[in-house]
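The exercises below are meant to be worked with the sequence and the coordinates open side by side. Try each task before reading its solution.

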Amino acid sequence: MTTRVTKRPFPRLGDALFKGLVYLALLLGAASSVFPFLWMLSTSFKDRNQAITLPIRWLPDPFTLENYRLIWEGNDLARNFLNSVIVSLAVTGLMLITCSMAGYAFAKKSFWGKELIFTILIGTMTIPGFVMLVPLFLLIIRLGMYDQLIGVIIPFSAGVFGIFLMRQFISTIPDELLDAARVDGASELRIWWRIVVPLSSPALATLAIFTFQGNWNAFLWPLILLDSKDKWTLMLALVRYSREYSAGLTDWPIVMAGVVIAILPLFVVFLALQRYFFRGITLGAVKG
Amino acid sequence: MAVVTQRRRRFSKELQKQLSAWLFLAPAMIILGLFLFYPAAMAFWMSFHDWKSLGGHVWIGFKNYYRLLTMPYFLDAVLHTLYFTILNVPATMTVSLVIALLLDTDIRGRNFFRLCFYLPVVSSGAAVSLLWKWILQGGELGILNYLISLVGLPIQDWLGNPLLAMPSIVLVNVWKQMGYYTLIFLAGLQTISPELHEAARVDGANRWQLFWRITLPLLRPAVLLNSILLFIASLEQFDQVYIMTGGGPADTTRTVAFFLFQSWEQGNMGMAAAVGYVLFAAVLVLTLLQKRLFGQEIAY
């Protein structure tokens with residue numbers, strides 16, 4: 001990157017000024033990205049009176065954890081939290097298995113109709129999820145999965161993006177490696193499990209993160225497919241409960257405590273595994 | 001004899017190869033077949049029926065589509081979606097491109113800035129909508145109102161004013177998604193060789209010319225990808241509307257996706273399916289149009 005800025009014979013005032021402006025703009029931008037989260041955090045530690053007192057106070061005083069206790073215990077939010085964990089982990093686990101298997105077939109095996117099937121799969125990526133809304137809803141009812149966690153797990157446990165990602169990555173594994181294992185008499189399933197899966201772990205990590213994120217944050221499908229309180233995922237519960245707290249004046253500190261609970265787990269995952277997040281975007285994006 | 005057995009052996013070997021491939025394809029294909037291909041085809045079938053959630057269904061041909069296209073309530077939703085798109089796409093593109101260009105200079109702490117811009121992207125749309133509902137609150141308690149009153153601007157009822165509700169949702173959307181599009185632009189910028197800029201500079205080009213003559217033309221693949229993704233995302237926008245305004249005030253934020261959801265809620269399944277296909281058609285037309293416009297194929 002450093003090569004991009006020219007070594008001018010005479011450094012000019014304009015360049016220094018330009019750089020200063022760049023920093024200023026970036027700092028302002030970053031601040032506007034982060035500030036709402038800080039405001040959320042601050043509000044979640046205030047009692048109700050502070051939240052509706054003018055002039056606005058930036059920091060909670062007194063500092064209270066009462067909101068967290070209220071939203072967590074008052075609604076059995078632990079149940080909803082657990083539901084979200086179950087759904088996100090289950091979909092992620094299944095997604096890794098289905099996509100790495102299919103990706104392996106598309107990358108390393110020849111079978112009838114391969115090109116055609118792959119083209120059709122890629123073509124489906126332009127179909128908006130909303131198209132499927134009604135038939136999927138009716139299908140889930142018919143399968144007896146309505147208002148069951150399995151109803152928001154199974155339909156999303158394979159995906160075209162994942163298959164594409166895995167195929168691209170597995171294509172880079174040398175054929176000799178697989179042939180050597182075949183000569184040693186390893187079964188196909190064993191080759192997949194012992195060679196293909198370990199060697200494609202970077203792509204699997206990226207797929208895992210995106211799948212987990214997508215399902216942790218999912219809102220529309222749980223909204224449509226889950227009805228009873230003890231089946232709601234965290235996001236659904238949060239939105240529904242926030243309406244209950246909105247009778248009259250919304251009790252924002254409690255809602256903000258809920259929002260913190262919903263957002264924080266993913267922030268932790270993100271901070272710990274940033275490079276997989278960032279790599280995934282460029283993997284799936286600009287290739288041409 | 002030998003030839004026959006050999007051929008038979010070759011055939012059984014081929015069969016085995018096919019079988020083993022399909023063994024690996026089966027789990028994904030069964031799920032996609034059942035929960036992607038079947039519903040997509042079924043929606044098409046349903047869109048030609050008067051299909052209620054309770055009771056039976058009757059074939060009515062194109063009547064759902066005809067009804068939609070002559071229904072002011074739906075046409076309003078189309079207009080609202082277009083309005084959202086027209087605000088959202090250029091705003092997000094501009095902001096993301098500017099941030100990407102700033103990040104692509106030789107600054108310190110690029111990773112830190114990138115992290116900050118990406119935090120809203122990983123956050124749940126539902127949670128973020130609740131957060132912004134609080135920030136955009138009307139009256140003196142809303143923190144945005146407080147901030148703008150510091151600069152001497154009049155306070156607003158951001159989500160309650162029919163003129164401001166949609167722009168406010170766009171604001172939240174830009175804030176949430178800009179980090180994602182920034183990263184795609186950044187990846188595009190990093191494929192541009194620094195020598196090109198060097199050469200142009202030696203020839204006396206200024207920053208403005210560098211950007212318009214070199215950077216932007218070479219960034220075409222990223223611009224195309226971002227605009228396609230943004231148009232699709234704009235047409236499917238739902239969470240923010242559902243949570244922040246519920247389609248109001250005075251129906252000004254009721255988008256096509258929200259209309260589809262309402263049709264489903266009212267048990268009007270055939271109509272909802274038809275709306276889905278109208279959306280799909282819009283996505284297809286937009287995608288093809290943009291590819292044609294940019295005159296370039298892109299792999300993604």
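**Exercise 1.** For chain B of this predicted model, determine what percentage of the 300 residues count as buried, and decide whether the chain is compact or spread out by the globule rule.

*Solution.* Begin with burial: 41% of the 300 residues of chain B count as buried. Next, list the secondary structure of chain B, which comes to 13 helices and two strands. The radius of gyration of chain B is 26 Å, whereas the globule rule gives 19 Å for 300 residues, so the chain is more spread out than a compact globule. Along the principal axes, the C-alpha atoms of chain B fill a box of roughly 95 × 65 × 35 Å.

**Exercise 2.** Examine helix 7 of chain B: what span should its 25 residues have, and how far apart are its end C-alpha atoms?

*Solution.* Helix 7 of chain B covers residues 165–189, and at 1.5 Å a residue its 25 residues should span 36 Å, which agrees with the 35 Å between its end C-alpha atoms. Then follow the axis, which bends by about 45 degrees at B:Gln177. Finally, consider the surroundings: 20 of the 25 residues of helix 7 of chain B are buried, so this helix is largely enclosed by the rest of the structure.

**Exercise 3.** How many residues of chain A are in contact with chain B, and which helix of chain A supplies the largest share of that side?

*Solution.* Counting contacts, 78 residues of chain A meet 77 residues of chain B. The largest share of the side of chain A that touches chain B, twelve residues, comes from helix 1 of chain A. Sorted by class, that side of chain A has 57 nonpolar, 17 polar and four charged residues.

Definitions and conventions. Residues numbered from 1 in each chain as written. Chains lettered and ligands numbered in written order. Predicted model: local features only at pLDDT ≥ 70, side-chain atom pairs only at ≥ 80, totals over all residues. Contact = placed C-beta atoms within 7 Å. Helix = DSSP H or I, 4+ residues; strand = E, 2+ residues; numbered from the N terminus. Nonpolar A, V, L, I, M, F, W, Y, C, P; charged D, E, K, R; others polar. Expected span 1.5 Å × (residues − 1). Bend = angle between axes of the 7 residues up to and from the residue. Buried ≥ 20, exposed ≤ 12 C-beta atoms within 10 Å, placed from the backbone. Rg over C-alpha atoms; globule rule 2.2 N^0.38 Å.
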